[in-house]
Amino acid sequence: MSCPTGVVSTDPLGRCRGGLGSCPKLVSIEVKEVVALIFVGNDWAEDHHDIHVMNEAGKKLAARRLPEGVGGVSDFHALIAAHAQDPQEVAVGIETDHGLWVASLVAAGYRVYAVNPKAVSRYRDRHHVGGGKSDAGDAKVLADLVRTDAHNHRVVAGDSDQVQGIKVLARAQQSMVWLRTRETNRLRNALRDFYPAALAAFEDLHDRDALAVLSRAPDPDTAARLTRSQITAALKAGGRQRNLAASTERIQTVLRTEQLHAPASVAAAYAAVVTAQVGVITAINTQLAQLEAQLERSFEQHPDADILLSLPGLSDVLGARVLGEFGDDPERFTDAKSRRNYAGTSPITIASGKKRAVLARHARNKRLYDAVDQWAFCSLQPSPGARAYYDQRRAAGDTHHQALRALGNRWVGILHGCLTHRTPYDEHTAWAHRQPVAA
């Protein structure tokens with residue numbers, strides 16, 4: 001067989017052997033992205049990984065269980081090398097987007113798809129309705145999924161090491177805040193049952209004033225006997241420096257009000273619980289402050305920090321949480337819509353027959369959504385445009401949280417524009433076309 005141009009010959013599949021430079025008709029052909037030829041399902045566990053390798057036709061090429069760690073990664077590379085030469089020809093499906101194993105696969109050049117476990121479960125039901133399940137079977141499901149549906153899933157982003165470190169710190173900080181909230185609620189429940197005056201005296205039980213006084217007076221009888229000098233000393237030990245006299249007088253007045261009393265034995269038991277909870281919350285506050293200081297230092301060194309901090313409502317900690325969850329890979333989000341979908345702020349439409357409803361997304365990055373929700377709330381005061389937009393949504397019938405979600409959706413789009421064009425936030429550019437008051 002000869003080339004249609006008569007310049008070079010072709011191989012048995014009709015492909016020119018001469019390359020682009022030797023065939024005039026091929027000079028203008030656009031080089032396409034390498035298409036994956038090998039598909040790998042990776043079902044991971046704490047100490048091992050089940051691997052299933054198949055080709056484009058779905059034929060099984062190999063299946064093995066590999067150990068976690070350096071040895072397992074080396075065996076994985078050897079297994080894949082027997083069937084593919086270029087890592088870009090390999091698509092790997094796995095149900096996580098972080099960890100040393102995933103980082104190793106991404107660094108090696110494989111196209112790694114982090115698939116939501118719920119999506120894997122639904123895909124499994126498409127092929128097996130009997131309900132059977134095994135680690136090896138899940139590895140095959142993942143391999144099939146990336147073979148047929150990879151276009152519906154996202155490749156693990158190539159974020160920088162710097163932003164990955166910020167993400168680790170930001171998630172730890174957020175988890176610690178949630179932990180403190182749970183412990184504070186436990187403290188609140190105990191106080192409600194035998195010591196209601198403490199709830200009236202302190203609005204925030206994790207605040208330094210509340211912890212300082214409760215550590216010295218964990219029961220109502222002891223609290224009622226506290227003198228002003230003792231309360232003042234406790235507040236000073238907790239770190240308060242201003243308004244000591246006024247705070248002392250208010251706290252003493254509230255703690256000495258009449259209230260119902262629990263039996264002595266019950267009160268003593270609750271006092272022990274309060275002492276323990278106060279100690280736990282105090283320790284969390286100490287570690288949280290240290291973690292936030294480290295997070296702020298890491299965030300401020302990132303090239304995108306100045307852009308994020310220019311947006312109203314974003315502080316070092318909240319900006320770090322937003323940056324950590326979005327990442328800094330410039331190719332990760334093709335447009336503002338994809339960034340909004342990932343954040344979970346954009347609504348979804350459910351339409352069937354004559355019924356149509358626009359609802360909030362339930363499947364979303366909860367950490368990122370929580371950060372954006374706080375961002376929207378914190379932006380109401382410093383940004384006139386954000387306040388006007390929020391008021392418009394409220395006037396249209398939205399609840400407080402619905403209005404914040406819509407505002408957060410707007411902020412995510414603005415952030416995408418700022419990062420894409422590498423420009424800081426401008427109030428007039430962001431809101432002038434919506435609300436003249438923001439101009």
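# A walk through the model

Start by selecting arginine 422, which sits in the loop between helix 17 (400-421) and helix 18 (427-431). Helices and strands here are DSSP runs, numbered from the N terminus: a helix is H or I with at least four residues, and a strand is E with at least two. Arginine 422 has a positive phi of about 55 degrees, although it is not a glycine. It counts as partly exposed because its relative accessibility is 45%. For that word, buried means under 20% relative accessible area, exposed means over 50%, and partly exposed is in between (1.4 Å probe, protein chains only).

Before you move on: this is a predicted model, where local features need pLDDT of at least 70 and side-chain atom pairs count only at pLDDT 80 or more, while totals for chains, interfaces and linings use all residues. Residues are numbered from 1 along each chain as its sequence is written, and side-chain values use heavy atoms, with hydrogens and water left out.

**Zoom out**

Show the whole protein as a cartoon, and you have 18 helices and 7 strands to look for. Of its 439 residues, 42% count as buried. Now think about contacts, meaning heavy atoms within 4.5 Å. Among contacts between residues at least 6 apart in sequence, 58% join residues at least 24 apart.

**Another positive phi**

Next, pick asparagine 243, in the loop between helix 9 (228-238) and helix 10 (244-255). Asparagine 243 also isn't a glycine, yet has a positive phi of about 55 degrees. Is it buried or exposed? At 58% relative accessibility, asparagine 243 counts as exposed.

**Into the strands**

Select strand 1 (residues 38-44). Because 6 of its 7 residues are buried, strand 1 is largely enclosed by the rest of the structure. Two strands count as paired if DSSP finds at least two bridges between them. Strand 1 pairs with strand 4 (residues 90-94) in the parallel sense over 5 bridges, and you can spot glycine 41 opposite glycine 93 there. Strand 1 also runs antiparallel to strand 2, joined by 6 bridges. Look for asparagine 42, whose bridge partner in strand 2 is isoleucine 51. The link from strand 1 to strand 2 is a hairpin through 3 residues.

Follow the chain on through strand 2 (residues 48-54), which is joined to strand 3 (residues 60-67) by 7 bridges, running antiparallel. These two strands form a hairpin as well, with 5 residues between them. In that turn, click glycine 58: its phi is positive, about 90 degrees.

**Who sits by the turn?**

Keep glycine 58 on screen and add arginine 147, which lies in helix 4 (residues 135-149). The two are 89 residues apart in sequence, but their C-alpha atoms are 7.7 Å apart in space. Leaving aside neighbours within four places in sequence, arginine 147 is in contact with Phe39, Met54, Asn55, Glu56, Ala57 and Gly58. Arginine 147 is partly exposed, with a relative accessible area of 28%.

**The other end of strand 3**

Now go to proline 67, in strand 3. Histidine 48 stands opposite it. Try the distance tool on proline 67 and histidine 49: they are 18 residues apart along the chain, and their C-alpha atoms are separated by 6.2 Å. Which residues does proline 67 touch, not counting those up to four places away in sequence? They are Asp47, His48, His49, Gly72, Asp75 and Trp101. With 40% relative accessibility, proline 67 counts as partly exposed.

**The largest pocket**

Switch to a surface view. A pocket, on a 1 Å grid over the protein atoms alone, is an open set of points where a 1.4 Å probe fits, with protein on both sides within 12 Å along at least five of seven lines; lining residues have an atom within 4 Å of a point. The largest pocket is lined by 38 residues, and Asp97, Ala114, Arg332, Tyr342 and Asn365 lie nearest its centre, so select those five. Elements giving two or more residues to the lining include helix 5 (161-194) and helix 14.

Finish in helix 14 (residues 336-343) with serine 338. Serine 338 is buried, with a relative accessible area of 14%. It touches Arg154 and Phe333, not counting residues up to four places away in sequence.
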